[in-house]
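Q: Hi! Could you walk me through this structure while I have it open?

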Amino acid sequence: MGWFVIIIIIVAVALIVVSLYNSLVVKRNRVKNAWSQIEVQLKRRFDLIPNLVETVKGYAEHEKETLESVVNARGKYLSAKTPEDMMNANNQLSQVLGRLFALSEAYPDLKANENFKNLQEELSNTEDKISYARQFYNDVVLTYNNSIQIFPTNIIATLFGFKEEPFFKTDEAERTAPKVNF
């Protein structure tokens, strides 16, 4: 009878460990999936950028510095290796794109160009999707990070090498409200 109770306890503990491990794997995979969704939207954005730059080039030839900044920021993202590097490159690209769209205000012909309008609208829609994907990613990361820090799953997480995932943070420049002058 004593061995039977010990075997039941061992099986129960094993089932709990397996259950907690599996729940951590599911949450980690959700984080990876959420990051993949951000990457899909960022790729869409990066695919639009060369067309946008080419359209602007025809109207704003002497704004070469801004156009080069956009191309360089895009290149930094494409060469980034870690999610943190990708997040930083993405924040830099967002800033440069803001400057690019500000250029359109100085060039009425560009602003009226149908191709530019369509590209700007597509990029705006993509930015909205990126924003939503970032929110979703951060929600999933919060759930995952909480799981690996809360007892008893923190024991399982430590035993099996589960690590915290970084949140997608906005760049300092994006946190300040733009100044509007009338």
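**Rings, bridges and a nonpolar patch**

A: Happy to. This is a predicted model, and the structure holds five aromatic pairs. One of them is formed by tryptophan 35 and phenylalanine 168, with 5.9 Å centre to centre and 35 degrees between the planes, a tilted arrangement.

Q: Where do tryptophan 35 and phenylalanine 168 sit in the chain?
A: Tryptophan 35 belongs to helix H1, while phenylalanine 168 is in the loop between helix H6 (153–159) and helix H7 (172–175). The pair links distant parts of the chain, 133 residues apart.

Q: And are those two buried or exposed?
A: Tryptophan 35 and phenylalanine 168 are both buried.

Q: Which residues are linked into a cluster by ring pairs?
A: Tyr21, Phe160 and Phe162.

Q: Let me zoom out. How many helices and strands does the chain have?
A: Seven helices and zero strands. Of the 182 residues, 34% are buried. Among contacts in the chain with a separation of 6 or more, 76% are between residues 24 or more positions apart.

Q: What about tyrosine 137, where is that?
A: Tyrosine 137 is in helix H5 (residues 114–149). It counts as buried because its relative accessibility is 1%, and the cut-off for buried is under 20%.

Q: What does tyrosine 137 touch, leaving out residues up to four places away in sequence?
A: The contacts of tyrosine 137 include Trp35 and Phe168, the two residues of that tilted pair. Val31, Ala34, Ile38 and Met87 are also among them, as are Glu165, Pro166 and Phe167. In addition, the side chain of tyrosine 137 reaches the backbone oxygen of proline 166 at 2.9 Å.

Q: Switching to charges: how many salt bridges are found in the whole structure?
A: Three. Aspartate 47 bridges to lysine 43, with the closest N and O atoms 3.0 Å apart. These two are four residues apart in helix H1, so about one helical turn separates them.

Q: Which helices hold glutamate 122 and arginine 44?
A: First the bridge itself: the side chains of glutamate 122 and arginine 44 meet at 3.2 Å, N to O. Glutamate 122 is in helix H5 and arginine 44 in helix H1, so their salt bridge ties together parts 78 residues apart in sequence.

Q: And the one with glutamate 127, what is its partner?
A: Arginine 45, with the closest N and O atoms 2.6 Å apart. Glutamate 127 lies in helix H5 and arginine 45 in helix H1, so the parts tied together are 82 residues apart in sequence.

Q: Is arginine 45 buried or exposed?
A: Buried: arginine 45 has 0% relative accessibility. Glutamate 127 is partly exposed, with a relative accessible area of 26%.

Q: Now threonine 153. What does its side chain reach at 2.8 Å?
A: The backbone oxygen of isoleucine 150. A polar atom of the threonine 153 side chain also lies 2.3 Å from the backbone oxygen of serine 147. Threonine 153 is in helix H6, and with a relative accessible area of 11% it is buried.

Q: Last topic, the surface. Which residues make the nonpolar patch of about 670 Å²?
A: Trp3, Ile6, Ile7, Ile10, Val11 and Leu15. Tryptophan 3 is in helix H1 (residues 2–59), and it counts as exposed because its relative accessibility is 67%, with the cut-off at over 50%.

Q: How much area does the chain expose overall?
A: About 11,600 Å², with 58% of it supplied by carbon and sulfur atoms.

Note on methods:
Residues numbered from 1 in each chain as written. Predicted model: local features only at pLDDT ≥ 70, side-chain atom pairs only at ≥ 80, totals over all residues. Heavy atoms only, no water. Patch = residues over 30% accessible without salt bridge, like charges linked within 9 Å, V, L, I, M, F, W, Y side chains within 5 Å. Areas by Shrake-Rupley, 256 points an atom, 1.4 Å probe, with all protein chains shown as cover. Salt bridge = Lys/Arg side-chain N within 4 Å of Asp/Glu carboxyl O. Buried < 20%, exposed > 50% of the residue type's maximum accessible area, 1.4 Å probe, protein only. Phe/Tyr/Trp six-rings, centres within 6.5 Å; stacked < 30°, edge-to-face > 60°. Polar contact = N/O pair within 3.5 Å; in protein donor to acceptor, adjacent residues only side chain to side chain. Contact = heavy atoms within 4.5 Å.
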